[in-house]
Amino acid sequence: SLQNLKLLQEITLKFQGTQVGDTGAVAIGNSLQNLKLLQKIDLDFGGTQVGNDGAVAIGNNLQNLEQLQQITLIFAYTQVGDTGAVAIGNNLQNLEQLLKI
């Protein structure tokens, strides 16, 4: 599982066009909380079945990534609405090392 990779500094996961839904996105979001050294994250959920629950889990766990400098999140053509977007936005504002979105 990702949470065991505590020295990981960069992660790219592309699920575009797959059957990944909220269950998968929640699991990924929850695994982020232990990746304290992560500096770059690229998650592509475009065209998947991810909804607000998945986006909220990812958003809520971003606050733990204090070393994060660059983030790319793609949720185009998903079921993510205002609730998911707000959770992500609210947690991005606390990332003081963030240089590129």
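**Exercise 1. Helices and strands**

Task: Work out how many helices and strands the protein chain has, and in what order the elements run.

Solution: Start with the count: in this predicted model, the protein chain holds 3 helices and 3 strands. Next, walk along the chain from the N terminus, and you meet the elements in the order β-α-β-α-β-α.

**Exercise 2. The sheet**

Task: Find the order of the strands in the sheet, and say which strands stand at its edges.

Solution: Begin with the order. The sheet is open, has 3 strands arranged E1-E2-E3, and its pairing is parallel. Now look at the edges: strand E1 (10-14) and strand E3 (70-74) each have a single partner strand, so one side of each is left without a neighbour in the sheet. Then check the twist: neighbouring strands are turned by 5° against each other on average, direction ignored.

Zoom in on one pairing next. Strand E2, residues 40-44, pairs with E3 in the parallel sense over 5 bridges. For a landmark, find Asp42, which stands opposite Thr72 in E3. As background, strands of a sheet pair through backbone hydrogen bonds, either parallel or antiparallel.

Finish with the connection: E2, H2 and E3 together make a β-α-β unit, and this unit is right-handed.

**Exercise 3. The phenylalanine rings**

Task: Find the aromatic pairs, decide whether they are stacked or edge-to-face, and say which parts of the chain they tie together.

Solution: The structure holds 2 aromatic pairs. Take Phe15 and Phe45 to begin with: their ring centres are 5.3 Å apart and their planes meet at 15°. Planes under 30 degrees apart count as stacked, so this pair is stacked. Phe15 lies in the loop between E1 and helix H1 (22-31), while Phe45 lies in the loop between E2 and helix H2 (52-62), so the pair ties together parts that are 30 residues apart in sequence.

Now turn to Phe45 and Phe75. Their ring centres are 5.6 Å apart with planes at 10°, so this pair is stacked too. Phe75 sits in the loop between E3 and helix H3 (82-92), so its pairing with Phe45 again ties together parts that are 30 residues apart in sequence.

Put the pairs together: ring pairs link Phe15, Phe45 and Phe75 into a cluster.

**Exercise 4. Buried or exposed?**

Task: Decide whether Phe45 and Phe75 are buried or exposed, then list the buried residues of H2.

Solution: The cut-off for buried is under 20% relative accessible area. Phe45 has 0% relative accessibility, so Phe45 counts as buried. Phe75 has 16%, so Phe75 counts as buried as well. Phe15 is also buried.

For H2, the buried residues are Gly54, Ala55, Ala57, Ile58, Gly59, Asn61 and Leu62. What covers these residues includes H1, E2, E3 and H3. Across the protein chain, buried residues make up 39% of the 101 residues.

**Exercise 5. The overall shape**

Task: Compare the radius of gyration of the protein chain with that of a compact globule.

Solution: With 101 residues, a compact globule would have a radius of gyration near 13 Å; the protein chain has 12 Å, which agrees. Along its principal axes, the C-alpha trace spans about 30 × 25 × 20 Å. Lastly, look at the contacts between residues at least 6 apart in sequence: 88% of them join residues at least 24 apart.

Technical notes
Residues are numbered from 1 along each chain as its sequence is written. This is a predicted model: local features need pLDDT of at least 70, side-chain atom pairs count only at pLDDT 80 or more; totals for chains, interfaces and linings use all residues. Side-chain values use heavy atoms; hydrogens and water are left out. Two strands pair if DSSP finds at least two bridges between them. Helices (H or I, at least four residues) and strands (E, at least two) are DSSP runs, numbered from the N terminus. Axes are lines fitted to C-alpha atoms, for helices over the stretch in contact, and angles run from 0 to 180 degrees between N-to-C directions. Rings of Phe, Tyr and Trp (its six-membered ring) pair if their centres lie within 6.5 Å; planes under 30 degrees apart count as stacked, over 60 as edge-to-face and the rest as tilted. Buried means under 20% relative accessible area, exposed over 50%, partly exposed in between (1.4 Å probe, protein chains only). A crossover is right-handed if, with the strands pointing away from the viewer, the path from the first strand over the helix to the second runs clockwise. The radius of gyration is taken over C-alpha atoms; the globule rule is 2.2 Å times the number of residues to the power 0.38. Contact means heavy atoms within 4.5 Å.
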